[in-house]
Amino acid sequence: MTHYSVTTHPSQSVPEGSTPLAWRPGRPTATIQASLDFFRGWSPTRPAAELLLLGASAYCVDRITLRREFPDAWTRNLDLSLPVADPEVWPTQIADATLDFLTGDRWTIQPVQHQHDPRKFHADPDIAKRPDADLVCLFSGGLDSLCGAIDALERRPERRVCLVSHYEGGKTSTTQQYLYQRLREAYGDRVCWRRLFLRPAPPRGAQAVPLPRRRETTTRSRSLLFLSSALALASALGPDVPVILPENGYIALNVPLTRARAGSLSTRTTHPHYLSLFGQLASSVGATNPVINPYTFQTKGQMLTQSANPDLLRELAPHSLSCSHPEAARFRKRPQGNCGYCFPCLIRRAAMAAAGWDSSDGYAWDALIDPTLLDYRQGQSGADLRAVLLGTHPGRPDSDLIRNGPIPSEKRGEYLAVWRRGTQEIRAWLQTGAAGLTARLESESQ
């Protein structure tokens, strides 16, 4: 088992053999590197701060612990000591279960007594900088989050919305900035934005124990960081301020396209079972703000066609970033942004087609007609497209719905319906626009 211990004060000791993770936002001594700008003018409740500390530290543990070094090259045994005000009331079993399901590992969260308040490092008494909002909305820069922000602002004209983002630089950061600026032009001071720069810190001389330079490329725990940071901000604005998680129901279920893709290739970042576990964890520690996904039973295409401001959404949609690896095209000397061949890009194009907005412009590859994607000699670029062709046929049994996790029995029919509609959305896009080898394989997969 790999052991890590979070410290919120320089005097805090850690067990021998445990790697310390220093929570010092804005300071060079930190090994959990976090920006102070995110915390301007507000401070979360203590329970929400502890939940954010869990999200931040779990994300860093996830990034610095390589899966390939474990026996099955995937499942890790991870032990994390977390300083809290009262270990006796901390729901360790729920925390373990939440992270186990989210990342596919075996976690052991150990709350330890420490009275130093983790909020001390980012306390900001200037209340003039406090966000003026009555709703918090996750804002990744993707198409779903753009749709969610527009709907939240349109459907209640009196509503003030604070967008919350996480970033580490690159194309995602510039996309978030551009879309926020455009939303600000459209809605003025009814919309504000806080974004959290957070990552495992690179080694620095000021750090007592620097972290290793290695980085794991799978980042499933980011969902916990993203939700806990939004919940922390909402807790500072009021106990009833909701957090909106805009994610279409089809991708949230993320039913494995093939048996080979179950597990490592089927993320659970917004799966209904994960959100249920997160809700239990948050309420158990005392972070009571509601977390809502208003698109649980809508496909991505339905999100677009039912938008409260379709003209603005259509104008901004091409500038959103839904890609799993937006930097990949740079190495092939193609425009960076949406690659066009990863699973999120394929779902995005199918949704745009359902709304009548689809175009190959803005994608590095056109999955409908590019024969190189399905050529095994060209590497793994076409893996998701091949899986989509195999895994979206209409004859899949209803039981496949639960292959990525449990589904609430009382809502199973609704989840099944959104999965079927999402599958049909993809097939319709392929059947209408595919050419060449893609069209032939699509026909053979019926």
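Select Gly 286 to begin: this glycine follows helix α7 and has a positive phi, near 105°. The model is predicted, so local features need pLDDT of at least 70 and side-chain atom pairs count only at pLDDT 80 or more, while totals for chains, interfaces and linings use all residues. Residues are numbered from 1 along each chain as its sequence is written, and side-chain values use heavy atoms, with hydrogens and water left out.

**Helix α7**

Step back into α7, residues 272-285. Helices here are DSSP runs of H or I with at least four residues, strands are E runs of at least two, and both are numbered from the N terminus. How far apart are the end C-alpha atoms of α7? They are 20 Å apart, which agrees with the 20 Å expected for 14 residues at 1.5 Å a residue. The expected span is 1.5 Å times one less than the number of residues.

Now colour the buried residues of α7: Pro 272, Tyr 274, Leu 277, Phe 278, Leu 281, Ala 282 and Val 285. Buried means under 20% relative accessible area, exposed over 50%, and partly exposed in between, using a 1.4 Å probe and protein chains only. An α-helix has 3.6 residues a turn, so residues three or four places apart point the same way. Show what covers the buried residues of α7: the list includes α1 (46-64), α2 (92-103), α5 (222-237), α6 (249-253), β10 (291-292) and α12 (412-433).

**The sheet of six strands**

Next, select the open sheet with the order β3-β8-β7-β6-β9-β10. Its 6 strands have mixed pairing. Two strands pair if DSSP finds at least two bridges between them. β3 (32-34) and β10 stand at the edges, each with a single partner strand, so one side of each has no neighbour in the sheet.

Zoom in on β3 and β8 (residues 191-200): 3 bridges join them, and they run antiparallel. Gln 33 stands opposite Arg 199 in β8. Add α1, which packs on this sheet and touches β3, β7 (161-167) and β8. Contact means heavy atoms within 4.5 Å. The direction of α1 makes about 45° with that of β8. Axes are lines fitted to C-alpha atoms, for helices over the stretch in contact, and angles run from 0 to 180 degrees between N-to-C directions. Then add α4 (residues 170-187), which touches β7 and β8 at about 170° to the direction of β8.

**The sheet of four strands**

Move to the open sheet β2-β1-β4-β5, where 4 strands pair in parallel. Its edge strands, β2 (19-22) and β5 (106-113), each pair on one side only. Neighbouring strands are turned by 25° against each other on average, direction ignored.

Pick β1 (residues 2-7): 4 bridges pair this strand with β2 in the parallel sense. Val 6 has Leu 21 as its bridge partner in β2. α1 packs on this sheet too, touching β1, β2, β4 (77-84) and β5, with its direction at about 150° to that of β4. β1 also joins β4 through 4 bridges, running parallel. There, His 3 has Asp 79 as its bridge partner.

**Last stops**

Select Arg 67 and Trp 74. The charged end of Arg 67 sits over the ring of Trp 74, 3.7 Å from its centre. This requires NZ of Lys or CZ of Arg within 6 Å of the ring centre and within 35 degrees of the ring normal.

Finish at Ser 381, in the loop between α10 (343-354) and α11 (383-391). Is Ser 381 buried or exposed? Ser 381 is buried, with a relative accessible area of 14%. Its C-alpha atom is separated by 7.6 Å from that of Cys 342, 39 residues apart along the chain.
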